[in-house]
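Ready for a few exercises on a structure you haven't met before? Have a go at each task, then read the solution that follows.

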4 protein chains.
Amino acid sequence: MTNKQILSSVKDRQLVEKRRQQIIKAAITLFKQKGFHRTTTREIAKQSGFSIGTLYEYIRTKEDILFLVCDSIYEQVKRRLEEVIQLQASTEDTLSHVVRAYFELIDDMQDEVVVMYQEVKSLKKESRDYVLQKEREMVDMFKAMLYKYLPYKISEVDAELVANNIFVQGQMWGFRRWMLQKQFTLETYIERQLYYLRKALAVKVP
Amino acid sequence: MTNKQILSSVKDRQLVEKRRQQIIKAAITLFKQKGFHRTTTREIAKQSGFSIGTLYEYIRTKEDILFLVCDSIYEQVKRRLEEVIQLQASTEDTLSHVVRAYFELIDDMQDEVVVMYQEVKSLKKESRDYVLQKEREMVDMFKAMLYKYLPYKISEVDAELVANNIFVQGQMWGFRRWMLQKQFTLETYIERQLYYLRKALAVKVP
Amino acid sequence: MTNKQILSSVKDRQLVEKRRQQIIKAAITLFKQKGFHRTTTREIAKQSGFSIGTLYEYIRTKEDILFLVCDSIYEQVKRRLEEVIQLQASTEDTLSHVVRAYFELIDDMQDEVVVMYQEVKSLKKESRDYVLQKEREMVDMFKAMLYKYLPYKISEVDAELVANNIFVQGQMWGFRRWMLQKQFTLETYIERQLYYLRKALAVKVP
Amino acid sequence: MTNKQILSSVKDRQLVEKRRQQIIKAAITLFKQKGFHRTTTREIAKQSGFSIGTLYEYIRTKEDILFLVCDSIYEQVKRRLEEVIQLQASTEDTLSHVVRAYFELIDDMQDEVVVMYQEVKSLKKESRDYVLQKEREMVDMFKAMLYKYLPYKISEVDAELVANNIFVQGQMWGFRRWMLQKQFTLETYIERQLYYLRKALAVKVP
DNA sequence: GATGAATGAGAGTTCATTCAT
DNA sequence: TATGAATGAACTCTCATTCAT
C-alpha cells in the first residue's frame with residue numbers, strides 16, 4: 001500500500017523509496033512557501049537535488065507528488081498517534097495523555113500538517129478519498145479511546161462529535177497559530193483544552 | 001473600505017459595484033467547482049456574462065478577484081453574525097442562540113465558506129492579513145459574548161480559547177461534511193455541540 | 001464541412017479562415033522540408049507570421065494542423081479535378097484530356113501532394129478516414145469517366161483497377177521524381193503513359 | 001556493405017549481427033504499430049529483449065535503427081526478387097511469372113513493405129540515397145527483363161516507364177489495401193494487372 | 001558486454017494580460 | 001465602456017543519449 005500505487009520507471013525498490021523521500025521533503029519545503037500550484041516541477045527537482053528528468057523517473061505527474069506528500073504526512077501522523085496510544089494504553093487518564101501527545105505531535109509536525117490540510121483538496125477525488133481514509137481512521141482511534149476509558153457509556157453520535165472536536169482542535173493549533181500564538185504556548189494551549197475537555201466529558205482526573 | 005482599494009479603470013462607481021458583484025458571484029460558482037488556480041480568467045468573464053476585456057476593466061489581476069471573493073464572503077458572514085448578535089441581545093441564554101445562529105449561518109453559506117477557507121491562503125500576505133482581520137473580529141464577537149453573558153468571570157485566555165473553539169466548530173460543519181453527515185443533521189449537530197459547550201462552560205440553562 | 005470540425009476560440013469566421021490559410025501555407029512549407037514530426041508548433045507559428053499563442057487560438061493540437069493541411073490539399077486536388085472534368089465533359093477523347101489534366105495538376109501541386117501522401121498516415125484513424133474519403137471520391141471520378149467514355153462496357157472490377165492505376169501513376173510523378181526526372185519531362189511522361197493507357201484500354205483515338 | 005557502415009562498440013561480429021537482427025525485428029513490429037517517430041528507443045530495447053544500454057552498444061542513434069530496418073527490408077525484397085528472376089529465367093512468358101512472383105512477394109511481406117515506404121523519407125539524405133539505390137536496382141531488373149523477353153525492341157524511356165509502373169503497382173497492393181481489398185483478392189489483382197500489362201505491351205501469351 | 005539511473009534540451013500547450021478598435 | 005484577438009512567458013512532461021557500475 002501507500003507509494004506502491006504510483007508507478008516509477010526505476011526498478012530498484014530501495015532507490016525509489018530513497019528518491020521519493022527526497023522528493024517529499026523538497027516538496028513540503030516548497031509547498032509550505034508557495035503552495036502546490038505555485039510550485040513548479042523544476043523547482044521540486046532542483047530542491048530534491050536532481051534533474052527534472054530524474055524527477056520524472058520516480059513519478060508520472062505533478063499530482064503524484066502531491067499525493068506522495070499528503071499520503072506520507074497522513075501516514076506519519078497516524079503512525080505516531082498509534083504509537084502513542086499503544087504506549088499509554090495502561091495509564092490512568094489515558095485520554096488526557098493521548099490528547100496531549102496528539103497536540104504535541106501536531107506542534108512537532110506543524111509545517112507538514114499545514115501543507116497537508118491546505119492541499120489535500122487539490123488531489124483528484126480518488127486519491128483524496130484514499131488519503132482521507134486515514135483521517136477517518138485517526139478519528140476512529142479517538143472514538144475507541146472514548147469508549148474504552150470513559151467511566152460511563154458514551155453514545156456513538158457523541159463519541160463521533162467529541163472525537164472530531166479533539167481532532168479539529170489539534171489541527172487548529174497548526175492552523176490558527178496566527179491567532180492563537182499571542183496568548184498561548186503549546187503547554188498552555190494543551191492545558192486549557194484538556195481542562196475544558198474534562199469538564200465537558202465530566203471526567204475528574206487530575 | 002473593502003473593494004475600494006482595488007483599482008478599476010471604469011469611473012462610474014455604481015457600475016463598478018454592479019460588475020464586481022457579477023464577478024464575485026461567477027467566481028464563487030467556479031472556485032467551488034475547481035478551485036482558484038484551476039479556474040481561468042476567461043471562464044470567470046464568461047460566467048460573469050461579459051468579455052475578458054471587460055473583466056479587466058474592473059480588476060487588475062486575477063488575484064484581485066480572489067480578494068474580492070474572500071473579502072465579500074467574510075464581510076457577509078460577519079455582517080450576518082452581527083445582525084444575529086444585535087437581535088438576540090436581550091434573550092436569556094443568548095450564548096446558545098448566537099452559537100446556534102452562527103452554525104445555521106455557516107450551513108446556509110456552506111459553499112461560500114468552503115471556498116473562502118480553501119483559498120484565502122492563496123492571497124498574498126497583505127490582502128490575506130486584511131481579510132483575516134475580519135476573522136479576528138468575529139472571534140472577538142464571541143469573546144465579547146462570553147464576557148457579557150457568562151454568569152462568572154472568564155479569563156481572557158479562556159475566552160480566547162472557547163471563542164476559537166466555537167468558531168472552528170462552525171467551520172467544521174462546513175468543512176467536514178464528508179465525515180459528519182452520516183451521523184448528523186444540522187439540528188443534531190447544533191444540539192450536541194451546545195450540550196457539550198454548556199457542560200464545559202458550566203452553564204445550566206435549558 | 002472541412003475545417004468546421006476543428007474548434008477555434010476565435011469567433012470571427014472570416015478571420016479564422018484567413019489565419020488557417022496562413023497556417024496551412026506555413027505548415028506545408030515546413031512539412032516539405034522536415035516532415036510533420038520534425039516541425040515544431042513554434043516554427044509553424046513563426047512561419048505563419050504570428051506568435052505561438054495566436055496559433056493556438058486557431059487550432060487545439062498539433063494534429064489539427066496536420067488535418068487542416070491534408071484536408072485542404074485533398075480538397076484542392078479534388079476540386080481542381082472536378083473542374084477539369086466539368087470542362088472537358090463534351091470533347092472527344094475526354095479520357096485523355098482528363099488524365100492529362102490530372103497529371104498536370106499533380107505536377108503543379110507537387111509539393112503539396114508529396115507532403116500529403118507522406119503525412120496522412122500520421123493522422124489518427126478518424127481524421128485519416130475522413131480525408132481518405134476524398135481519395136475514394138477521386139478514384140470514383142475516374143471510374144465514372146471510364147464507364148462514360150469507353151466505347152465498350154468495362155467491368156466494375158476492371159474500372160476499379162484502371163482508375164487506381166491512373167491515380168497512382170499521377171502520384172508516381174509527384175513521388176518518384178528522383179527516379180523519373182532523368183528521362184522524363186512532364187510532357188513526355190504524360191505522352192507515354194497515355195500511349196500505354198490507350199493500348200491497354202484498346203482505345204485508338206489520337 | 002549494409003550494416004557494416006553503422007558503428008558498434010561491440011567487437012564480436014557475430015554477436016553484433018545477432019543483436020541487430022533482434023533490433024530490426026523488434027523495430028519493424030513497433031514501427032508497424034506506431035511509426036518511427038512515435039516509437040521510443042526504450043520500447044525498441046524492451047521489445048528486442050535487452051536494456052536501453054545494450055541497445056546503444058549496437059547502434060549510435062535512433063536513426064541508425066531506421067536505417068537498419070529500411071536497409072534490411074529493401075535487401076530482402078531485392079534478394080527475393082533476384083531469386084525469382086534466376087529461377088524463372090528460362091520459361092516462356094517469364095515476364096508474367098516474374099511480375100506475378102513480385103506481387104506475391106509484396107503480399108507476403110506486406111507489413112515490412114508498408115513500414116519501409118512510410119519511413120524511408122525520415123532517413124537523412126545520405127542514408128536514404130543509399131537505400132533507394134536498391135529500389136533503382138529493382139526497377140533495373142524489370143527493365144532488363146523487358147529488354148530480354150519482349151518480342152520487340154522497347155525504347156529505353158518506355159522500358160523505364162513500364163518498369164516503374166510494374167514496380168508501383170506492386171507497392172499499390174501493399175499500400176492501397178484499404179481501397180482495393182473490397183473488390184480484389186491477390187489472385188484477381190494479379191490476374192487483371194497482368195491482363196492489362198500484356199495488352200499494353202502487346203504480348204499475347206496466355 | 002550488459003545494465004539502467006541520470007540528464008536536460010526541447011516539445012506541446014495554457015493562460016493572464018494588453019490594447020487597438 | 002466593451003470587445004476579443006494577440007501575445008509570450010512559463011509550465012508540465014518526454015525521450016534520445018550517456019556513463020558509472
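## Exercise 1: Around DNA strand E

Task: find which helices each give at least two residues to the surface near DNA strand E.

Solution. Keep in mind that this is a predicted model. Go chain by chain. In chain A, look at α1 (13-38) and α3, and in chain B at α2 (41-48) and α3. Chain C uses α2 (41-48) and α3, while chain D uses α1 (13-38) and α3. Next, ask which helix gives the most: that's α3(A), with 5 residues.

Now zoom in on the residues. There are 42 of them around DNA strand E, and the closest are A:Arg19, A:Arg42, A:Tyr58, C:Tyr56 and D:Tyr58. Sort the surface by class and you get 14 nonpolar, 15 polar and 13 charged residues.

Finally, check what the protein meets on the DNA side. Sugar or phosphate makes up 61% of the atoms of DNA strand E within 4 Å of the protein, and bases make up the rest. For a base example, take A:Arg42: an N or O atom in its side chain is 2.4 Å from a base oxygen of DNA strand E. For phosphate examples, a polar backbone atom of B:Thr41 is 2.7 Å from a phosphate oxygen of the strand, and a polar backbone atom of C:Lys62 is 2.8 Å from a phosphate oxygen.

## Exercise 2: Around DNA strand F

Task: work out which residues come nearest to DNA strand F, and what part of the DNA D:Tyr56 meets.

Solution. Start with the 42 residues around DNA strand F: A:Tyr56, B:Tyr58, C:Arg19, C:Arg42 and C:Tyr58 come nearest. Of the strand's atoms that come within 4 Å of the protein, 61% are sugar and phosphate.

Then take single contacts. D:Tyr56 has a polar side-chain atom 2.8 Å from a phosphate oxygen of DNA strand F. D:Thr41 uses a polar backbone atom instead, also with a phosphate oxygen, at 2.8 Å. A:Arg42 places a polar side-chain atom 3.0 Å from a base nitrogen of DNA strand F.

To finish, find the helix with the largest share of this surface: α3(C) supplies 5 residues.

## Exercise 3: Where chain D meets chain C

Task: describe the interface of chain D and chain C, from its area down to a salt bridge.

Solution. Begin with area. The two chains bury about 3,600 Å² between them, with 57% of it on carbon and sulfur atoms. On chain D's side, D:Leu161, D:Gln183 and D:Tyr196 lose the most area to chain C, together 18% of what that side buries.

Next, count partners: 42 residues of chain D are in contact with 40 residues of chain C. Among the polar links, 4 salt bridges turn up across the interface. One of them joins C:Arg176 to D:Glu135, with the closest N and O atoms 2.4 Å apart. On chain D's side, α8(D) brings the largest share, 13 residues. By class, that side has 20 nonpolar, 9 polar and 13 charged residues.

## Exercise 4: An odd alanine

Task: decide whether A:Ala202 is buried, partly exposed or exposed.

Solution. First locate A:Ala202, which is in the segment after α10 (186-201) of chain A. Its phi is positive, about 55°, although it is not a glycine. Now apply the cut-off: partly exposed lies between 20% and 50% relative accessible area. A:Ala202 has 42% relative accessibility, so it counts as partly exposed.

Methods:
Residues are numbered from 1 along each chain as its sequence is written. Chains are lettered from A and ligands numbered from 1 in the order in which they are written. This is a predicted model: local features need pLDDT of at least 70, side-chain atom pairs count only at pLDDT 80 or more; totals for chains, interfaces and linings use all residues. Side-chain values use heavy atoms; hydrogens and water are left out. A residue is near a molecule or strand if one of its heavy atoms lies within 4 Å of it. A polar contact is a pair of N or O atoms within 3.5 Å; within protein, one must be able to donate a hydrogen and the other to accept it, and residues adjacent in sequence count only if both atoms are side-chain atoms. Helices (H or I, at least four residues) and strands (E, at least two) are DSSP runs, numbered from the N terminus. Ala, Val, Leu, Ile, Met, Phe, Trp, Tyr, Cys and Pro count as nonpolar, Asp, Glu, Lys and Arg as charged, and the others, Gly among them, as polar. Buried means under 20% relative accessible area, exposed over 50%, partly exposed in between (1.4 Å probe, protein chains only). Contact means heavy atoms within 4.5 Å. Buried area is the accessible area (1.4 Å probe) that two parts lose on being put together, summed over both. A salt bridge is a side-chain nitrogen of Lys or Arg within 4 Å of a carboxyl oxygen of Asp or Glu.
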